[in-house]
Amino acid sequence: MDVAAGRVWEVEQVYRSRLPELWRVAAAVSGSREAAPDLVQEAFIRAVRGIDSFRGDGPLEAWLWRIVVNVARNAHREPETVALSRELPVGDSSSADDAQAELATAMSRLSERQRLVVFLRYYADLDYATIAEVLTISSGTVGATLTSARAALAQALEVKEATP
Amino acid sequence: VTDPIAEALDKFVPAFQSAEGDWQAVLKAAAAPASGRKIPAERSLRRSGFWRRVPARVALVAAVVILAAVVTAVAFGWPQRVVDFFSSPPAPTHVKNWVSAINAKAPPGMDPLAISGQTKKITTARFNAGVRGLRPRLHTLYVAPTKSGGYCFQWSGPWHRITLSSLGIGACAGSKGLPATAPRWLRASGPLWIKMPGGSDPYLVLGTVRSGATRTVAARFADGTTATIPVTWISAPINAGFFAYPVPRSQWHPYALLSVVALDANGRVIGSRTPPGSSVMAGMRTTMPPAATVVAGRVAVPNLIDLRLDLAERTLTRDHLLGFQGFRENPLKLPDNAKHLWACFQSPKAGKRVPTGTRVSLLVGRDCHH
């Protein structure tokens, strides 16, 4: 088995073992649960095509998560080239959705980095080191970002956040 | 101890209970050349055996309908389908509500005066909206007349955004005397209006034509090919044509799409639009330089800068020179097709006389000017 074939095999293992989490993160980042399977599929097609560009200076799984996040981020951005509908009101929300609405509002107020750290931590269950690889930041920054994001979300949800 | 934030996040994006991927599809798509990739929707249709299950009588009726549509198009002299507005089915309530909402959404004094009660369902089209490379989905065109003689339209979702899934995108045309500060969605006017998501590398062209003199709408590509875009023309009181053209995957390269043009019966350009940033193409060349003359075994190096790579290669061969390519960008990310690449720099310089068989180095990229 040559190096590239071996790496494709590793990519397949990540795909097969982590698909629900991959879809969930793609849904969270892109804002579309419906599009998530297609986004992950597209990300892995890109990964297999570009497997030779994986330099091996970090874990392969982190490289794959990075591609998934980037594809989902682009998916989130591209529709903004066409205006109007995003400016229009969405359907009524019931009072049962209030907590979710507050969380959604709080999430929208987080920085993109904070949101990504939250998604990768809670939806993909990645450790700080892997999240750091995915977002090309330091582990310490991951921790600080997660703490500040949690504080903001706790405030929105009126949850008393324990201090470390 | 439960974590209330984790619980809230759990509800925010619930876990996927079952996730069935298709690894073989990943491998197949990754191995296929970009232009040769089939859209998943086609595959799923074929796999389902849909066509095999269609009874012969239904197939015959479908064939007659298709033939009638073709005859209609031919009768009008250009690839369009004419839809009678008043006999079109009414739009569902949520779309009429959307039309009412855009009246309310417009800034003071700019109300498009769309008549929501007359909103009609015009046609459907399958295309990929919102995200490059996703499976094409079915979208519906709804159009409402306005009291000012214009119209508002919407291509329905899904647009791959939770908040937009049922709304789609739309715009209005025909309001008179709008200031320059008016939102863009109120100014979908002019003989040719188009929206091309994807920047200099669009994957979809949505548009309208408002001139009855229009006979052809075409997409012109840098490789010299032209594609005619089918248009659905809506009768009075709309009097406009609508189209949704998915750019072929083989043309998903920066500056591959040069322009979309509306032409009259004599081939005159009524309207023309270019993708954002495509003016960079103005400096690029798609014509081979004059042939060099070999004198005493030596030849003048041709000017290959800003020339399309396939033409640069042909020029070198013609002038008895060899080529050597280097890349400005990651070659793994560059298209294989030389028609989508450009010679950005060369060595030796143009005009220098060198022995035939000399190697001319070219630095190649998708865009020499960025």
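**A disulfide and a four-stranded sheet in chain B**

Both B:Cys152 and B:Cys172 are buried in this predicted model. A disulfide joins these two cysteines, B:Cys152 and B:Cys172, with a distance of 2.1 Å from S to S. The bond between them is right-handed, with 110° about the S-S bond. Distant parts of the chain are linked in this way: B:Cys152 belongs to strand β4 (residues 151-155) of chain B and B:Cys172 to strand β5 (residues 169-173) of chain B, 20 residues apart. A search of the whole structure finds one disulfide over all chains. In general terms, such a link is a covalent bond between the sulfur atoms of two cysteines.

Another buried residue is found in strand β7 (residues 204-209) of chain B, where B:Leu206 lies. B:Leu206 counts as buried because its relative accessibility is 3%, and the cut-off for buried is under 20%. The C-alpha atom of B:Leu206 is separated by 5.2 Å from that of B:Lys195, although the two residues are eleven residues apart along the chain.

Chain B also contains an open sheet of four strands, in the order β9-β8-β12-β13, with antiparallel pairing. Strands β9 (226-228) and β13 (269-273) of chain B stand at the edges, and each has a single partner strand, so one side of each is left without a neighbour in the sheet. From one strand to the next, the twist averages 25°. Strands of a sheet pair through backbone hydrogen bonds, either parallel or antiparallel. At one end of the order, strand β12 (residues 257-263) of chain B pairs with β13(B) in the antiparallel sense over four bridges. B:Leu263 stands opposite B:Val269, a residue of β13(B).

Terms used:
Residues are numbered from 1 along each chain as its sequence is written. Chains are lettered from A and ligands numbered from 1 in the order in which they are written. This is a predicted model: local features need pLDDT of at least 70, side-chain atom pairs count only at pLDDT 80 or more; totals for chains, interfaces and linings use all residues. Side-chain values use heavy atoms; hydrogens and water are left out. Two strands pair if DSSP finds at least two bridges between them. Helices (H or I, at least four residues) and strands (E, at least two) are DSSP runs, numbered from the N terminus. Axes are lines fitted to C-alpha atoms, for helices over the stretch in contact, and angles run from 0 to 180 degrees between N-to-C directions. Buried means under 20% relative accessible area, exposed over 50%, partly exposed in between (1.4 Å probe, protein chains only). A disulfide is a pair of cysteine sulfur atoms within 2.5 Å.
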